[in-house]
Amino acid sequence: MVHITSILALSPLLFSAVSAVAHPQAPPQGGPGCTASTNSTGWGLSGVSKNGIYFGFLPDDGSGGGTAQTISAVASSVGLSMAPAQGYYAQAESGTTFTGSQLTDKFDEIVANGGVFQPAVMPTGGWSGLTTSDNSQAVAICDVMKTFVDAGLEVWLRFAHEVNWYLSDGTYSGTVDDFKEGWSVVAAACQPLGVKMWFTPNVADLATYQEYFPDDVSTVDIIGVDYYPTTNSPTSTDFLNEMQSFHDAYCSESLAFAIGETGLGQEATIAQRLSWAEAITSSTVASAMPYYIAASWFNYDKGYVFSIADTDGDSVTKAWLA
């Protein structure tokens, strides 16, 4: 999720570092297939897309001062019968068995919308039950994911999303090795159930993504970045400068790319916010990043308004999505 303090504290140079990285290595092979079968990554995407990139939302949960939204209200506000993807957050507190109530409380709403379910499960307070010697918390997380798989949804699990940021600010404990061990045991428990594992660090440079990338590429089905540019007029070129090296380093027919969450990283008009949505789904971007299949918008009021749907002025978004 967006970090108001991090946006203010980080140098703008951080947000352009990727463009300075040397040409990436050839994509590694392996991992579950990304072909046109019901077991492939993206089979659940349906509804509105721009240049082949499906466009979803993270509806406001009210935790940041905004009004809680339902995904159906967000979709209908901009003329959609459903959102192709829907994202939510849940904390998995170390030492307490994960029940997923932040997700299951919305079960009927989530299933009614359909599309791809994109839960971000945050391992807070430590890694108990997320180790090779004790995978009990991993099993608990995957049991919750299975309830949504069994309901007919494609599930992309953002386990320990933005790990590079949250390890630095103390939200997650431990080290990158703790994360990698936790990722491996969650993947081992979830992937056989049909859950897709989605690695989404906070925006950084390619070297940082490689530092945190899980050791076994076969445990990763999708990669992406959570990215909130700190200018009100970012372009498709800006997006490619930040994203393409990561895409090119890892993506192939075996491994897809999708934006976990995005919005503008400072207060902006709805026209400026929508311009960013247009930029990240442009034909230029789609052509340059052929394995980029989806993006989800952080539709919150948190410190300021990020929303482009179910908000004042969203008729411009409705026209864009029509």
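**Entry 1: the chain as a whole**

Helices, which are runs of at least four residues, and strands, which are runs of at least two, are taken from DSSP and numbered from the N terminus. With that in hand I looked up the make-up of this chain, and I found twelve helices and ten strands. I note at the start that I am working with a predicted model.

I then asked how much of the chain is buried, and I read that buried residues make up 56% of the 322 residues. The chain exposes about 11700 Å², and carbon and sulfur atoms supply 51% of that area. I also looked at contacts between residues with a separation of 6 or more, and I found that 80% of them join residues 24 or more positions apart.

**Entry 2: the nonpolar cores**

How many residues does the largest nonpolar core have? I found 87 residues in this core, and those with the most contacts inside it are F57, M145, L157, F159, F199, I223 and Y292. Helix 7, which covers residues 176-190, gives the most to this core, with eight residues. Apart from this core I found another one, of ten residues, among them V116, I222, A256 and A258.

I picked I223 from the largest core and listed what it touches, leaving out residues up to four places away in sequence. Its partners are W198, F199, F213, F246, Y250, C251, L255, A256, F257 and A258. I noted that A256 and A258, which I223 touches, are among the residues of the other core.

**Entry 3: a buried lysine, K50**

Next I turned to K50, which I located in strand 1, residues 49-50. Where is the nearest side chain of opposite charge to K50? That side chain belongs to E278 and is 7.3 Å away, and K50 is buried yet has no salt bridge. A salt bridge here needs the nitrogen and the carboxyl oxygen to be within 4 Å.

I then checked what the side chain of K50 does reach, and I found the backbone oxygen of W320 at 2.4 Å. Leaving aside neighbours within four places in sequence, K50 is in contact with T281, W320, L321 and A322.

**Entry 4: two residues with positive phi**

Most residues other than glycine have a negative phi. I therefore wrote down two residues that have a positive value, namely N51, with phi near 55 degrees, and A160, with phi near 50 degrees.

N51 sits in the loop between strand 1 and strand 2, the latter being residues 53-59. A160 also sits in a loop, the one between strand 5 (154-159) and helix 6 (163-169). Is each of them buried or exposed? I found that N51 counts as partly exposed, at 48% relative accessibility, whereas A160 is buried, with a relative accessible area of 2%.

**Entry 5: the salt bridges**

I looked up the salt bridges and found that the structure holds five of them. I followed three pairs in detail, including the one between K146 and D150, whose closest N and O atoms are 2.7 Å apart. K146 and D150 are four residues apart in helix 5 (residues 136-150), so about one helical turn separates them. K146 is partly exposed, with a relative accessible area of 32%, and D150 counts as exposed at 54% relative accessibility.

The next pair is R158 and E261, whose closest N and O atoms are 2.7 Å apart. Because R158 lies in strand 5 and E261 in strand 9 (residues 256-262), this salt bridge ties together parts that are 103 residues apart in sequence. R158 is buried, with a relative accessible area of 1%, and E261 counts as buried too, at 0% relative accessibility. Which residues are linked with R158 in a network of salt bridges? I found that D226 and E261 belong to this network together with R158.

The remaining pair in my notes is D215 and K180, whose side chains meet in a salt bridge with a distance of 3.2 Å from N to O. D215 lies in the loop between helix 8 (206-212) and strand 7 (222-223), while K180 lies in helix 7, so the pair ties together parts that are 35 residues apart in sequence. D215 is exposed, with a relative accessible area of 68%, whereas K180 is buried, with a relative accessible area of 15%.

Definitions and conventions
Residues numbered from 1 in each chain as written. Predicted model: local features only at pLDDT ≥ 70, side-chain atom pairs only at ≥ 80, totals over all residues. Heavy atoms only, no water. Core = buried A, V, L, I, M, F, W, Y, C linked by side-chain atoms within 4.5 Å. Buried < 20%, exposed > 50% of the residue type's maximum accessible area, 1.4 Å probe, protein only. Contact = heavy atoms within 4.5 Å. Areas by Shrake-Rupley, 256 points an atom, 1.4 Å probe, with all protein chains shown as cover. Lys, Arg positive; Asp, Glu negative; His and termini not counted. Polar contact = N/O pair within 3.5 Å; in protein donor to acceptor, adjacent residues only side chain to side chain.
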